[in-house]
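Please look over the sequence and the three-dimensional structure shown below before reading on. The briefing that follows moves from the whole protein to individual elements and residues.

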Amino acid sequence: MVELINRGVYLKRDYSVSEGGCEMGVTPEEGRKRTIAYSILGAHNVSGDERKLRIKFDSLISHDITYVGIIQTARASGLKEFPIPYAMTNCHNSLCAVGGTINEDDHVFGLSAAKRYGGIYVPVNQSVIHSYAREMMAGCGKMILGSDSHTRYGALGTMGVGEGGGELVKQLLSNTWDVNAPEVVLVYLENAPRRGVGPHDVAIALVGATFGNGFVKNKVLEFVGPGVKNLSVEFRNGIDVMTTETTCLTSVWETDDKVREYFETYGRPEEYRELKPGDCAYYDAMIRIDLAKVEPMIALPFHPSNAYTIREFVANAPDLLRSVELEAQKTFGGKVKLDLASKTVGGKVYADQGVIAGCSGGLYDNIVEAASILDGQSTGNGYFGLSVYPTSVPVSLALTRIGASAKLLAAGAIIKPSFCGPCFGAGDVPANNGFSIRHTTRNFPNREGSKPGDGQISTVALMDARSIAATARNAGAITPATDIEYDDSVPKYEFDGTIYEKRCYNGFGKPDYDAELRFGPNITDWPTMYELSDNILLKLAAVIKDPVTTTDELIPSGETSSYRSNPLRLSEFALSRRVPEYVGRSKDTKRLDEARRAGDVPEEVLTALAKVGDAAALAQSTCVASALFANKPGDGSAREQAASCQKVLGGCANICYEYATKRYRSNCINWGILPFTISEDTPFEYGAGDYVYVEGIRDAIASGTEEIPAKVIAGDGVHDITLYIKGLTAEERRILLEGCLMNYYRSLNEA
């Protein structure tokens with residue numbers, strides 16, 4: 001089904017692959033330039049250096065969890081107008097009853113910002129972020145930067161990159177996204193999928209094969225091969241958006257007449273051009289996917305890579321579900337009791353809920369086939385229920401016109417508006433101990449809205465819309481869609497763009513400098529953030545030994561996002577569902593530094609510093625800040641709040657073995673969080689309350705020193721430890737020295 005080839009390969013125009021070299025004498029360096037990826041990266045690179053890329057994007061896109069913070073940061077940094085198209089969608093925090101008026105206050109702020117700075121505003125429930133980008137912004141050979149981790153438009157020949165808000169701020173201020181030239185991995189598709197197999201099945205198989213081993217981490221995936229032509233563009237989109245879960249940097253696909261037709265359908269034929277690798281293009285590795293061998297898949301809690309075929313899962317359900325229970329016990333201890341064994345009855349496994357939604361699930365083709373599977377059937381009147389969220393109003397209208405919505409409603413499904421909530425826990429939250437199957441992007445702990453700290457837990461497994469519909473047809477008994485006879489033909493999609501013309505505001509190139517920004521009472525400015533001190537005394541506020549720590553654990557999603565525009569209120573949720581003590585510990589540490597800055601150095605600080613030098617002298621030049629240790633933090637969402645909340649609470653460093661994603665590390669840097677790592681053979685046996693003292697940290701950052709000696713001040717004495725900060729650019733060093741990105745831009749403006 002999925003084969004990994006961990007060595008360089010050459011690809012010929014006839015799709016033949018050679019591992020032994022190219023008869024044309026093309027070197028790997030020259031061959032890499034013949035990939036689609038490098039043709040696009042090269043066209044957007046302004047550095048003049050092929051190894052150190054400085055990328056300027058064609059357009060930007062954000063949703064309503066992130067755009068307020070981005071605009072507020074850019075305003076504080078000197079923003080006058082949006083220099084490139086910037087679309088703000090309202091698809092994440094659309095439940096305006098949560099948090100009072102503050103959600104809709106943010107939406108009003110977004111429209112006022114679009115008017116003032118010349119932006120694009122997509123009102124609530126009109127479209128999910130990535131659907132709008134595909135429909136209205138993508139183009140062959142373009143690059144789009146989004147403040148959402150699933151910014152992926154590769155199937156349309158567009159390289160989409162998901163980053164934290166700080167990277168969008170840089171683009172709004174005409175700066176660049178800086179990255180070392182990435183490796184490119186060939187994803188070679190062959191044959192065609194069977195009826196009943198959908199894009200999520202291919203995606204889950206791909207994620208399962210590549211996530212755990214880091215096979216494609218921070219690399220570009222390039223989809224090419226004779227199997228591409230056998231997939232509809234929406235099928236390709238459904239696979240492509242899930243490449244985020246492999247931890248790749250971005251993705252791109254070869255384009256063909258189907259992509260041409262796609263752009264013609266959306267009234268933008270000028271955005272099409274053929275993209276193909278050059279003859280003897282070189283790839284650093286290869287993934288071969290035989291689409292004919294892909295089976296209906298399921299990704300069990302608590303990660304999209306926890307992948308099995310549905311047949312394998314059902315056959316071994318008691319053991320596999322027990323492993324999920326044990327994982328929950330390991331993660332949450334005695335706070336919750338998860339009982340998935342009860343879901344197995346008479347050799348079948350029953351789900352409590354089905355959801356088809358978001359940028360991966362709510363696509364036109366997916367919903368049409370789901371409707372065909374349920375045509376004339378019933379979802380039953382038991383505990384199982386099915387909700388369907390089309391990606392946009394134009395998709396909803398098209399489904400209505402062809403009768404697909406009627407088939408779903410007649411079968412007992414509920415059609416809901418365009419909304420990303422089920423993807424991150426703000427919609428269709430299951431009952432306690434509920435088992436939900438979803439065609440959405442993630443199934444991390446808490447993504448379905450449960451609160452383990454309060455004794456509430458439910459779980460999500462990922463499946464394709466087709467198998468979810470087959471399961472709904474069998475009253476919740478998990479069923480692969482390949483077991484169902486149904487009409488899998490999909491009527492041609494008819495896009496009605498007048499909906500967007502009537503409701504969306506497009507002010508790009510037409511800023512109104514007299515337009516007033518409309519602030520709600522919850523939209524507040526950032527607190528003061530200080531420049532990096534000469535030395536730093538870090539107090540550990542959380543030590544997490546899980547293999548991977550997700551962004552959703554660092555700052556939970558769901559109702560917490562209502563406070564996204566109020567840094568102080570939002571920070572109260574940091575690590576609340578993983579280490580509830582973190583916020584209190586960080587605040588206590590911040591008070592130590594506030595007292596130090598006021599000239600009243602706390603005895604606790606003097607005692608710690610006395611173990612490494614002259615306490616009184618060091619106190620004048622040593623900031624006291626909280627720090628977080630995790631083995632591998634930052635998998636998942638691009639939300640910068642995972643770092644900014646640490647900073648607001650007085651944090652100044654992360655210590656880890658490696659960062660799960662580039663975007664989380666970038667978020668840390670942009671918020672002045674020192675991104676320390678330690679070597680793999682260094683045990684970290686210290687706990688919350690222990691100190692890490694780093695002498696000369698400011699000089700080390702300024703000089704580009706990558707290996708930094710430090711001392712751990714623990715209960716059993718003082719221990720030497722070596723910290724690393726590798727690969728910082730000159731600009732990143734300056735940001736850390738200034739204390740955060742806002743301070744950096746302010747210093748440039750003052751200069």
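**Briefing on a predicted model**

The protein has an accessible surface of about 25600 Å², and 47% of that surface belongs to carbon and sulfur atoms. The model is a predicted one, and the points below are grouped by topic.

**Overall form**

- The secondary structure of the protein amounts to 28 helices together with 34 strands. With a radius of gyration of 25 Å, close to the 27 Å that the globule rule gives for 751 residues, the protein is therefore as compact as a globular protein of that length.
- Measured out along its principal axes, the C-alpha trace of the protein extends over about 80 × 60 × 60 Å.
- Of the 751 residues in the protein, 64% are buried.
- When contacts between residues at least 6 apart in sequence are considered, 77% of them join residues that are at least 24 apart.
- The protein carries 77 positive and 94 negative charges, and the mean positions of these two sets are 2 Å apart.

**Covered helices**

- Helix 3, which runs over residues 67–76, is mostly covered, with 8 of its 10 residues buried. The buried residues of helix 3 are Y67, V68, G69, I70, I71, Q72, T73 and A74, and the helix is followed by G78, which has a positive phi near 105°.
- Helix 5, made up of residues 129–136, is likewise mostly covered, since 7 of its 8 residues are buried. Those buried residues of helix 5 are I129, H130, S131, Y132, A133, R134 and E135.
- Helix 25 covers residues 662–670, and 9 of its 9 residues are buried, so this helix is largely enclosed by the rest of the structure. Its buried residues include the charged-type names K662, R663 and R665 as well as Y664, S666, N667, C668, I669 and N670; after helix 25 comes G672, whose phi is positive and near 75°.

**Salt bridges**

- The count of salt bridges in the model comes to 36.
- One of them pairs K12 with D279, where the closest N and O atoms are 3.4 Å apart. Because K12 lies in the loop between strand 2 (9–11) and strand 3 (17–18), while D279 lies in the loop between helix 9 (257–265) and strand 14 (281–283), the pair ties together parts that are 267 residues apart in sequence. Both partners, K12 and D279, are buried.
- Another salt bridge brings together the side chains of K170 and E167, at 3.0 Å from N to O. These two residues both belong to helix 6 (residues 165–172), where they are 3 residues apart, or about one turn of the helix, and K170 and E167 are both buried.
- The side chains of E271 and R268 also meet in a salt bridge, at 3.9 Å from N to O. E271 counts as buried at 15% relative accessibility, and R268 counts as buried at 9%.
- Elsewhere, salt bridges with shared partners join E3, E190 and R288 into one network.

**The surroundings of D339**

- D339 is placed in the loop between helix 11 (317–332) and strand 18 (344–345), and at 30% relative accessibility it counts as partly exposed.
- Leaving aside residues up to four places away in sequence, D339 touches E325 and N433. The C-alpha atoms of D339 and L321, which are 18 residues apart along the chain, are separated by 8.7 Å.

**Backbone details in loops**

- P301 and F302 are joined by a cis peptide bond, with omega at about 15°, and F302 is found in the loop between strand 16 (297–299) and strand 17 (307–309).
- S174 has a positive phi of about 60°, although this residue is not a glycine. S174 sits in the loop between helix 6 and strand 10 (177–180), where it is partly exposed, with a relative accessible area of 45%.
- N191, another residue other than glycine, has a positive phi near 65°. The place of N191 is in the loop between strand 11 (184–190) and helix 7 (199–210), and at 40% relative accessibility N191 counts as partly exposed.

Terms used
Residues numbered from 1 in each chain as written. Predicted model: local features only at pLDDT ≥ 70, side-chain atom pairs only at ≥ 80, totals over all residues. Heavy atoms only, no water. Helix = DSSP H or I, 4+ residues; strand = E, 2+ residues; numbered from the N terminus. Rg over C-alpha atoms; globule rule 2.2 N^0.38 Å. Buried < 20%, exposed > 50% of the residue type's maximum accessible area, 1.4 Å probe, protein only. Contact = heavy atoms within 4.5 Å. Areas by Shrake-Rupley, 256 points an atom, 1.4 Å probe, with all protein chains shown as cover. Lys, Arg positive; Asp, Glu negative; His and termini not counted. Charge placed at Lys NZ, Arg CZ, Asp CG, Glu CD. Salt bridge = Lys/Arg side-chain N within 4 Å of Asp/Glu carboxyl O.
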